[in-house]
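Reader: I'd like to go through this model with you and ask how each label was earned. Can you take me through the reasoning?

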Amino acid sequence: MYKKFLDLGKQPLANKFLTKTEISKKEDFYNLSIGFNKKNNLVSILKTISSKRMFNDKYPYRSSMSETMKNYFYELSKKIIKEFNPSCFLEIGSNDGTLIKNFDKKKSICVEPCKNHAKITTKMGYKTYPKYWNLSLAKKIKKENKKIDLIYSANTISHIHDLTSVFKSAEYVLSKNGILIIEDPSLLECLKLGSYDQFYNEHIHVFSLLSISKLVRKQNMEVYNIETLNTAGGSIRYYIKRKVNKNIRIKKSVLLLLKKEKKHGLDKFKTYQLFGKKIRKSKQKLRKIFINLKKQNKKIISYGATAKSCTVFNYCNLGKNLIDYVVDTTPEKIDKYTPGTHIKIKKYKKNSLNNVDYAFLSAWNFKDEIFNKEKKYIKKGIKFITHTPKPRII
Ligand code: TYD
């Protein structure tokens, strides 16, 4: 049973960028509320949208749009190959192939339900299943391929409502000593950073080690190692094995993180109630910043048309009256409008920050990359606005 602790109001689908004709039509909204389930320590959104509506042939998010992610996946693939040297590798949520392109085509399999992305990896020569990850697909994959000895999935499992099915299916296709590696945003970091924008229709859950441990235990699996990462605003990489595989010992990092999460009260509802209170205050502060700047006739844009900023804009009521336009590099988002708030998205250019006074850091998780890219304009005096870890001007 989930207990609600935060109401982020009426929200549109975060990656449903609108065309000019679509903005005059009726848009679908749902209520974005977050709850805590004491039984399995899961923190999840309470109303979910069907996968088919979110992950279809027009899904705009592409991992390759950030240099940080391209380098990150390149380095990670080297590490995976060195440590595991998989003879059959499966990636769940392979997107546009940014990670898998570093793996041997003959030894790798992609699972990607967004057909526009699945087409890309198929074209690249990878065996791709353009399907949702569930038991019926796991059965098909097991029938048609060798036993999988390594599954990897980044920022995908948290998008799936039925987690029992996720881990059951992984267990089903894995070889006896097979390993499952997943990584997703960290709940502890989300609480510390006040990054409530980690919640939107696609981010159904924000995981902790406490919750993942309980979920995998149901499939007789266990987390034997974890790594804390800077990606996606602070993430955890979980290494999971079968309990019967005694060749691998549980690392001390697992016990230490479990202890830390308990110390921060991630297993207590009270912690989330306090988080909810903090976020309600954060909304007021952020609004004040924008309103004050606009009173001074400042030109404010948003840097990145992120899904996360959809939650911020709609929750904090930041619309066209406060944000002049958004800049982004993704071809699928350019010349469209932000969901709910209908702010125009323009193509990012090297001189996009010319004549801009303030830019909201929508892609705050890429702060270093952006600050590095915009050094010249930062020197000239452009300022950034952020809501995390608290609303302020940088
Ligand atoms: P990300 O933070 O991964 O977002 P989401 O909240 O959607 O999961 O999204 C990055 C978005 O920001 C993507 O649309 C590309 C855009 N972007 C830029 O336009 N310029 C940049 O320098 C960076 C790093 C991202």
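**How the labels are earned**

Author: Happy to. The structure holds 18 salt bridges, and keep in mind that this is a predicted model.

Reader: Okay, what makes R53 and D28 a salt bridge?

Author: The distance. The N to O separation between their side chains is 3.2 Å, and the cut-off is 4 Å between a side-chain nitrogen of Lys or Arg and a carboxyl oxygen of Asp or Glu, so the pair qualifies. This one links distant parts of the chain: R53 sits in helix α1, D28 in the loop between β1 and β2, 25 residues apart.

Reader: And why is R53 called partly exposed?

Author: Its relative accessibility is 41%. Buried would need under 20% and exposed over 50%, so R53 lands in between. D28, at 46%, gets the label partly exposed too.

Reader: Where do E67 and K70 lie?

Author: Both are in helix α2, 3 residues apart, which is about one turn of the helix. Their closest N and O atoms are 3.2 Å apart, and with the limit at 4 Å, that makes a salt bridge. As for accessibility, E67 comes out at 45% and K70 at 29%; both values fall between 20% and 50%, so partly exposed is the label for each.

Reader: What does the salt bridge of K294 and D324 tie together?

Author: The side chains meet at 3.0 Å, N to O. K294 belongs to helix α9 and D324 to the loop between α10 and β13, so the pair ties together parts that are 30 residues apart in sequence. D324 is partly exposed, at 36%.

Reader: Which residues are linked in a network of salt bridges?

Author: K79, E83, E183, E227 and R237.

Reader: Now T311. How do you know whether it is buried or exposed?

Author: Its relative accessibility is 0%. Buried means under 20%, so T311 counts as buried. T311 is found in helix α10, and its side chain reaches the backbone oxygen of F199 at 2.7 Å. With the polar cut-off at 3.5 Å, that pair is a polar contact. Leaving aside neighbours within four places in sequence, T311 also touches other residues, including L8, L32 and Y196.

Reader: What about the ligand: how many residues surround it?

Author: There are 18, and the closest are A307, K308, D328, K333 and K373.

Reader: What makes the approach of K308 a polar contact?

Author: A ligand oxygen is 2.9 Å from an N or O atom in the K308 side chain, and the limit is 3.5 Å, so it passes. Polar backbone atoms do the job elsewhere: one of A307 is 2.8 Å from a ligand oxygen, and one of T329 is 3.1 Å from a ligand oxygen.

Reader: Last topic, the sheet. Why do β14 and β17 count as edges?

Author: The open sheet has 6 strands in the order β14-β13-β12-β15-β16-β17, with mixed pairing. β14 and β17 each have a single partner strand, so one side of each is left without a neighbour in the sheet.

Reader: How do you know that β12 and β15 pair?

Author: Pairing takes at least two bridges, and β12 and β15 share 4, in the parallel sense, so they pass. Within that pairing, S302 stands opposite F360 in β15. Helix α9 packs on the sheet, touching β12, β15, β16 and β17, and its direction makes about 145 degrees with that of β16.

Note on methods: Residues are numbered from 1 along each chain as its sequence is written. This is a predicted model: local features need pLDDT of at least 70, side-chain atom pairs count only at pLDDT 80 or more; totals for chains, interfaces and linings use all residues. Side-chain values use heavy atoms; hydrogens and water are left out. Helices (H or I, at least four residues) and strands (E, at least two) are DSSP runs, numbered from the N terminus. Contact means heavy atoms within 4.5 Å. Axes are lines fitted to C-alpha atoms, for helices over the stretch in contact, and angles run from 0 to 180 degrees between N-to-C directions. Buried means under 20% relative accessible area, exposed over 50%, partly exposed in between (1.4 Å probe, protein chains only). A residue is near a molecule or strand if one of its heavy atoms lies within 4 Å of it. A polar contact is a pair of N or O atoms within 3.5 Å; within protein, one must be able to donate a hydrogen and the other to accept it, and residues adjacent in sequence count only if both atoms are side-chain atoms.
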